[in-house]
Amino acid sequence: MAASIVSMEWVAAADLAQARPVHWWALASGLWALVCFALIRSGRTRRWRDPAFTAVQIGAAFTSNAAAYVIAGQARGIVLPLLALVMVFGVFNLSERQIKALLAYSLTLYAVAGAVIQWGTQDAPAPALATVYMLAVIVVLTSSTVLALRIRAMRQLLKRQKQELASAVRHIHALATRDELTGLPNRRYMQEALRVACLSAQRSRRPLLLAQLDLDHFKQINDTHGHAVGDQVLKAFAAAAQKSLRASDVLARWGGEEFVLMLVDTTPEQGRRLLERLRAAVADAALTLEGGVRVAVTVSIGVALLGGDEACGALLKRSDDALYRAKRLGRDRIACAEPAPPVCAAADAAACA
Ligand SMILES: Nc1nc2c(ncn2[C@@H]2O[C@H](COP(=O)(O)OP(=O)(O)OP(=O)(O)O)[C@@H](O)[C@H]2O)c(=O)[nH]1
């Protein structure tokens with residue numbers, strides 16, 4: 001807009017157009033630009049569907065341009081290159097329908113402007129030149145509209161591809177971190193979550209419990225009812241177990257019929273109560289599967305409390321040892337791991353002295 005005003009004032013100063021209408025036009029166009037600037041910068045338009053009210057601004061720019069075309073006298077040719085720019089500003093915010101509507105509006109506007117010049121002014125160009133001007137207006141407007149539509153379509157395509165890429169990344173992340181059968185976090189996810197949780201628990205000196213859960217005689221379930229029913233049992237167990245957990249607890253499928261449960265900020269007493277509830281719930285309620293098949297399942301659990309300086313791998317090993325003790329003692333029970341040995345006991349005693 002500033003470029004148009006400077007150009008038009010230059011034209012008036014060079015006596016190529018009448019000064020008075022050019023000054024009024026410059027004042028009106030300048031005021032409109034200031035109003036738009038103030039509205040947008042003040043944040044008043046932030047809640048509008050299009051805070052830059054692009055369609056209105058472009059419509060106004062076409063109107064101002066057509067008025068300049070009428071009053072620019074012998075210099076009216078300078079208006080045409082500026083016309084090419086107007087539509088391009090709308091590429092990012094306008095819909096296809098709005099772009100087409102603006103093309104229709106601007107063509108009508110220039111038809112009216114051409115008629116006003118021809119029949120309402122004294123400096124009308126020769127009919128041949130007027131026709132050339134009109135043709136130039138039509139070419140400039142339609143080609144800038146086609147360009148705007150093309151850029152818009154490319155932008156839409158890029159936006160769609162970006163969304164598809166984001167959804168593919170989410171899907172890949174889910175595949176990499178979730179167990180497909182049960183929907184639980186998988187072993188890879190749990191290993192990382194456990195590493196972070198161990199460091200955090202040791203830094204904050206808050207208790208962290210790790211439990212390993214293994215369905216008892218699962219092979220028999222598979223052998224008796226078939227692998228598909230075995231799968232359903234795993235899914236039903238995962239869903240039932242999750243119901244008795246808090247949001248901060250993480251239950252993961254470790255592999256086969258083995259699960260690992262991480263209980264953050266949980267004392268051994270609290271953990272023991274929770275695990276006992278879970279064990280009893282599994283034992284008491286035979287899992288009802290799709291098709292009404294009822295399968296009785298029990299679970300053995302080994303649980304360990306993280307030691308002050310214990311490594312994650314050592315914690316896993318102790319809970320695993322406890323699980324095998326639970327199995328050896330007759331299954332369907334919880335076994336607690338021996339406390340973590342103090343750091344000095346694991347290292348060279350002489351070096352710790
Ligand atoms: N249906 C199904 N079975 C699985 C899956 N992963 C492992 N299994 C089966 O789980 C069974 C595990 O058998 P075992 O390791 O002998 O353990 P178990 O029969 O539960 O015996 P205990 O653990 O000693 O009580 C095997 O038959 C595996 O084929 C799975 O994703 N789906």
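Helices here are DSSP runs of H or I with at least four residues, strands are runs of E with at least two, and both are numbered from the N terminus. The model is a predicted one, where local features need pLDDT of at least 70, side-chain atom pairs count only at pLDDT 80 or more, and totals for chains, interfaces and linings use all residues. Residue numbers start from 1 along each chain, as its sequence is written.

**Figure 1. The whole chain, before zooming in.**
The chain holds 13 helices and 7 strands. Out of its 353 residues, 29% are buried, which for any residue takes 20 or more other C-beta atoms within 10 Å of its own (12 or fewer is exposed, in between is partly exposed, and the C-beta atoms are placed from the backbone). Take the contacts with a separation of 6 or more: 67% of them come from residues 24 or more positions apart. A contact means that two C-beta atoms, placed from the backbone, lie within 7 Å.

**Figure 2. Helix α4 against helix α6.**
Helix α4 covers residues 79–88, and its axis runs 8 Å from that of α6, at an angle of about 25°. The axes are lines fitted to C-alpha atoms, over the stretch in contact for helices, with angles from 0 to 180 degrees between N-to-C directions. So α4 and α6 are roughly parallel; angles under 35 degrees get that label, those over 145 are roughly antiparallel, 65 to 115 is roughly perpendicular, and the rest are oblique. The two helices cross in a right-handed way, a term for the near helix being turned clockwise from the far one by less than a right angle, with anticlockwise being left-handed. On the α4 side you'll find L80, L83, A84, M87 and V88, and they meet A136, V137, V140, L141, S144, T145, L147 and A148 of α6. Sorted by class, this contact of α4 with α6 has 11 nonpolar residues, 2 polar ones and no charged ones. Nonpolar here covers Ala, Val, Leu, Ile, Met, Phe, Trp, Tyr, Cys and Pro; Asp, Glu, Lys and Arg are charged; the others, Gly among them, are polar.

**Figure 3. Helix α5 alongside helix α6.**
Helix α5 (residues 96–120) and helix α6 (residues 127–177) have axes that come within 10 Å and cross at roughly 170°. That crossing makes α5 roughly antiparallel to α6. From α5, the contact takes in E96, I99, L103, S106, L107, Y110, G114 and Q118, while α6 brings A130, M134, V137, I138, L141, T142, T145, A148, L149 and R152. The split for the contact of α5 with α6 is 11 nonpolar, 5 polar and 2 charged.

**Figure 4. A67 and its link to Y110.**
A67 sits in helix α3 (residues 54–71). Is A67 buried or exposed? A67 is buried, because 20 other C-beta atoms lie within 10 Å. Its C-alpha is 9.1 Å from that of Y110, although the two residues are 43 apart in sequence.

**Figure 5. The helix pair α1 and α2.**
Helix α1 (residues 2–13) and helix α2 (residues 19–41) bring their axes within 9 Å, crossing at roughly 170°. This makes α1 roughly antiparallel to α2. S4, I5, M8, E9, V11 and A12 of α1 are in contact with A19, V22, W25, A26, S29 and G30 of α2. By class, the contact of α1 with α2 has 8 nonpolar, 3 polar and 1 charged.

**Figure 6. The ligand and its shell.**
The ligand is surrounded by 16 residues, with D216, F218, K219, G230 and G256 the closest. To be near the ligand, a residue needs its C-beta atom, placed from the backbone, within 6 Å. Strand β1 (208–215) and helices α8 (218–225) and α9 (227–243) each put at least two residues into the shell around the ligand. Which element gives the most to that shell? That would be α9, with 4 residues. Charged residues number 7 in the shell, alongside 5 polar and 4 nonpolar ones.

**Figure 7. A211 in strand β1.**
A211 lies in strand β1 and is buried, as 27 other C-beta atoms are within 10 Å. Leaving out residues up to four places away in sequence, A211 touches L261, L275, I301, G302, V303 and S319. A211 and D320 are 109 residues apart along the chain, yet 8.3 Å separates their C-alpha atoms.

**Figure 8. Positive phi at R331 and D332.**
R331 belongs to the loop between α11 (312–328) and β7 (334–336), and its phi is near 70°, positive in a residue other than glycine. R331 is partly exposed, with 14 other C-beta atoms within 10 Å. D332, also in the loop between α11 and β7, has a positive phi of about 50° without being a glycine. D332 is partly exposed, with 18 other C-beta atoms within 10 Å.
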